[in-house]
Amino acid sequence: MSAGVKKAKSTGDLAKERNLPRKLIAPALIFSIALTQVPFLATIYFSLTEWNLLKPQDKKFAGIDNYLYVFQTGDLLPAIIATVGLTAFSVITSLLVGLFFAVLLDRKFLGQSVARTLIITPFLIMPAASALIWKFSMFDTNIGVINFVIQKLGFSAIGWSTQYPYISVIILLTWQFAPFMMLILLSGLQSQSREVLEAASVDRAGIWRTFAFITLPHLRQYIEIAILLGTIMLLQAFDPVAIMTKGTGGTKTLAYLLYERAFVGMNVGQAAAYGVVTVVLTIVVATVSLRSLFKVFISGVSK
Amino acid sequence: MNNKVKALIAVVVVAIAGVVVVQQRSGGDVTLTLATVNNGQMKDMESLKGEFEAANPGIKVNFQVMEEGDLRSAVTSDVANKAGQYDIVTIGAYEVPQWGANGWLTDLTPDLADKAYDVGDILPPVKDALSVNGKQYAVPFYGESSILMYNKEILDAKGVKLSNNPTWNEVAAAAKKVNSAKTAGICLRGKPGWGDLFAPLTTVVQTFGGTWYDMNWDAKVNSPEFTQAVTFYKDLLAAAGEKDPVSYSFNECLTALKTGKVAMWYDASVAASMLEADDSPVKGKMGYAHAPVVKTKEAGWLWSWNLAVPANTQNKEAAVKFIKWATSKDYHQLVGKKLGWSLVPPGARTSTYSIPEYKEAAAAYAPITLEVMSAVNPKQPGVNPQPWVGIQYVAIPEFQDVGNQVAQLVADAIAGRTTVKEALDKGQVIAQAAGDAHKK
């Protein structure tokens with residue numbers, strides 16, 4: 001309706017009308033451009049220089065040498081595979097574990113709120129701290145809980161970080177992010193209409209069929225949001241790799257590779273080149289996936 | 001982000017500089033800023049700085065204590081960019097010759113010539129590692145080598161005896177003999193990193209006759225000797241080592257040895273003082289031997305934490321005065337009397353080992369530390385000559401990167417995901433790229 005009224009106005013009026021909001025937004029816009037784009041431009045500049053912190057006398061313009069290095073050393077593709085693989089597995093496992101706990105917590109029982117708080121805790125612990133906890137208290141061969149149980153069962157201790165680095169990282173990330181998935185799915189479960197569930201039980205649909213044909217379709221949007229947000233957070237996972245596996249066994253993610261180039265290699269130019277390549281890849285992937293895979297935001301508006 | 005941090009640092013530096021300038025003008029005082037690592041001995045130095053300030057009115061010393069990794073990046077960027085934030089820096093034996101050759105550090109040779117300081121008392125291998133072309137760029141605060149430590153109770157129970165100069169074959173045989181489900185035979189660092197896995201592994205490579213680079217800076221990482229040494233290390237870990245080597249470095253092995261989970265350990269000599277500490281369950285049960293060898297006479301490494309004065313400091317005279325005080329014989333007496341004799345910084349001065357009170361307090365490990373530290377040769381630790389000074393590292397800026405990447409490859413080989421040959425063939429390419437930058 002209001003659109004029709006606006007159409008009646010001349011374009012000059014419209015420009016004037018929009019002038020004030022534009023001026024009001026300007027400071028915030030300039031600030032956010034300065035905050036996000038200036039460092040990015042600096043990174044692009046750094047990526048074109050040969051600059052090793054330990055050899056300041058050799059600092060010079062390098063053209064595209066750093067980009068050639070990025071694509072020729074063959075570290076980039078394994079890092080992308082590691083990042084995508086670890087993220088995908090961790091998102092799926094934490095989603096399944098989260099769904100399990102969400103369904104359990106959706107029932108009324110004594111101490112429900114205490115149980116919910118306890119289950120959320122892993123998500124609230126600092127990532128570095130939880131990596132350390134898992135390294136020493138859980139996975140350690142001498143004092144770790146997991147190996148203690150394994151040995152009590154009569155098997156010999158497992159060197160998790162050495163033998164199963166990939167699985168170790170996934171286990172830790174699942175422990176950390178399952179509560180987050182659970183929170184989103186739980187809100188979905190609680191928004192289910194009781195009448196529909198009652199009707200299903202009157203029709204004797206049974207627990208499994210109710211879950212598969214009523215609850216899961218209802219949860220679809222929530223699952224999509226959980227996957228999207230979980231992927232964004234898990235792509236940046238760095239601490240378990242830095243603290244437990246040190247990039248061995250196919251766990252050298254893009255984030256860890258970049259860290260190594262910058263703070264072990266002290267090579268600002270190469271690190272910046274990796275950074276720029278990562279940003280470009282992220283923009284491409286995000287654009288495609290947001291448009292095609294996740295219609296949830298658009299459909300959410302139309303409802 | 002980068003620029004913001006830089007701006008912030010700039011503001012802080014200007015503020016500090018302003019404070020220093022104001023102080024200097026008001027009372028003619030000098031405030032020295034010292035960057036150091038958060039080890040026990042350094043904190044002892046901080047607690048005793050009042051003695052220095054009392055003896056030298058007009059000089060104040062401000063300590064900035066950091067984690068090793070933070071210290072390395074903070075000091076490196078400050079000194080390399082000539083920012084001049086620090087008057088005194090604590091740096092490792094790896095950095096000193098490189099930074100000295102770059103002209104980043106003050107040449108201390110003339111200042112150390114006086115008789116009271118007695119520069120000849122500094123352990124010769126340590127002094128060698130801190131000098132370039134006869135110029136000494138730093139003074140050692142404390143030093144260490146690597147030794148074999150073993151739990152005598154566990155070895156005796158199996159009837160195993162070790163000599164004072166064991167070979168790696170003897171040690172491997174002993175480790176396999178005492179290895180059991182509850183107690184691993186030997187603990188060796190496996191955590192990927194140039195300062196973790198490759199500190200002990202490089203000494204093993206050298207005593208097997210291998211090296212990182214030959215005299216022409218050609219990489220020798222996939223040479224037969226290097227391969228043989230890494231294979232030996234891997235096989236020993238598999239047969240009698242700790243279960244999760246990627247997680248294990250100095251602190252993890254120390255805990256395992258203290259709690260009786262391993263029988264032997266090859267690592268830094270400074271660990272002995274922790275194994276013999278009053279709260280250690282294995283105090284008095286330990287035996288110590290030289291680093292195991294194959295083709296060389298000695299295989300111990302050499303490390304020291306040192307004090308140096310950046311070349312562009314405004315307070316050179318006062319800074320030199322302080323580092324001479326902190327590394328003097330008098331300072332060792334002061335630590336002994338004020339804090340306890342077992343806390344005297346080890347491995348820097350020969351005379352430390354003739355102080356009667358120290359000999360008594362550190363009877364279990366002082367003799368072997370002195371013996372090993374005087375015997376190692378940082379100029380040529382291996383079988384063949386090498387174009388750098390240093391034992392468990394290559395003194396070029398690229399080495400922390402090269403060592404780190406090759407360590408990850410070797411860790412994959414230790415876990416059995418690749419073969420040693422594949423890992424070292426890849427490592428050879430990485431090492432050669434760094435070596436090419438040093439060819440003349």
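Colleague: How many residues do chain A and chain B each give to the contact?

Modeller: This is a predicted model, in which local features need pLDDT of at least 70 and side-chain atom pairs count only at pLDDT 80 or more, while totals for chains, interfaces and linings use all residues. Residues are numbered from 1 along each chain as its sequence is written, chains are lettered from A, and ligands are numbered from 1 in the order in which they are written. Two residues are in contact if their C-beta atoms, placed from the backbone, lie within 7 Å. The contact takes 31 residues from chain B, and from chain A it takes 29.

Colleague: Which element gives the most to the side of chain A that touches chain B?

Modeller: Helices are DSSP runs of H or I with at least four residues, strands are E runs of at least two, and both are numbered from the N terminus. Two or more residues each come from α2 (11-47), α8 (160-163) and α13 (254-264) of chain A. With 4 residues, the element that gives the most is α8(A).

Colleague: At what angle do α8(B) and α10(B) pack?

Modeller: Axes are lines fitted to C-alpha atoms over the stretch in contact, and angles run from 0 to 180 degrees between N-to-C directions. For α8 (residues 168-178) and α10 (residues 224-240) of chain B, the axes are 9 Å apart. The helices are roughly parallel, a term for angles under 35 degrees. The angle is about 20°.

Colleague: How many residues of the contact of α8(B) with α10(B) are charged?

Modeller: α8(B) contributes B:W168, B:A172, B:A175 and B:K176, and α10(B) contributes B:F232, B:L236, B:A239 and B:A240. Asp, Glu, Lys and Arg count as charged, Ala, Val, Leu, Ile, Met, Phe, Trp, Tyr, Cys and Pro as nonpolar, and the others, Gly among them, as polar. In this contact 7 are nonpolar, none are polar, and the charged number 1.

Colleague: How many residues of α17(B) are buried?

Modeller: α17 (residues 399-414) of chain B reaches 21 Å from its first C-alpha to its last. A residue is buried if 20 or more other C-beta atoms, placed from the backbone, lie within 10 Å of its own. α17(B) is largely enclosed by the rest of the structure, because its buried residues number 16 of the 16.

Colleague: How far apart are the C-alpha atoms of B:V37 and B:W305?

Modeller: B:V37 lies in strand β1 (residues 30-37) of chain B and is buried, with 21 other C-beta atoms within 10 Å. Residues that B:V37 touches include B:M66, B:L71 and B:W305. B:V37 and B:W305 are 268 residues apart along the chain, yet their C-alpha atoms are separated by 8.8 Å.

Key: Parallel < 35°, antiparallel > 145°, perpendicular 65-115°, else oblique. Expected span 1.5 Å × (residues − 1). Buried ≥ 20, exposed ≤ 12 C-beta atoms within 10 Å, placed from the backbone. Lists of a residue's contacts leave out its neighbours within four places in sequence.
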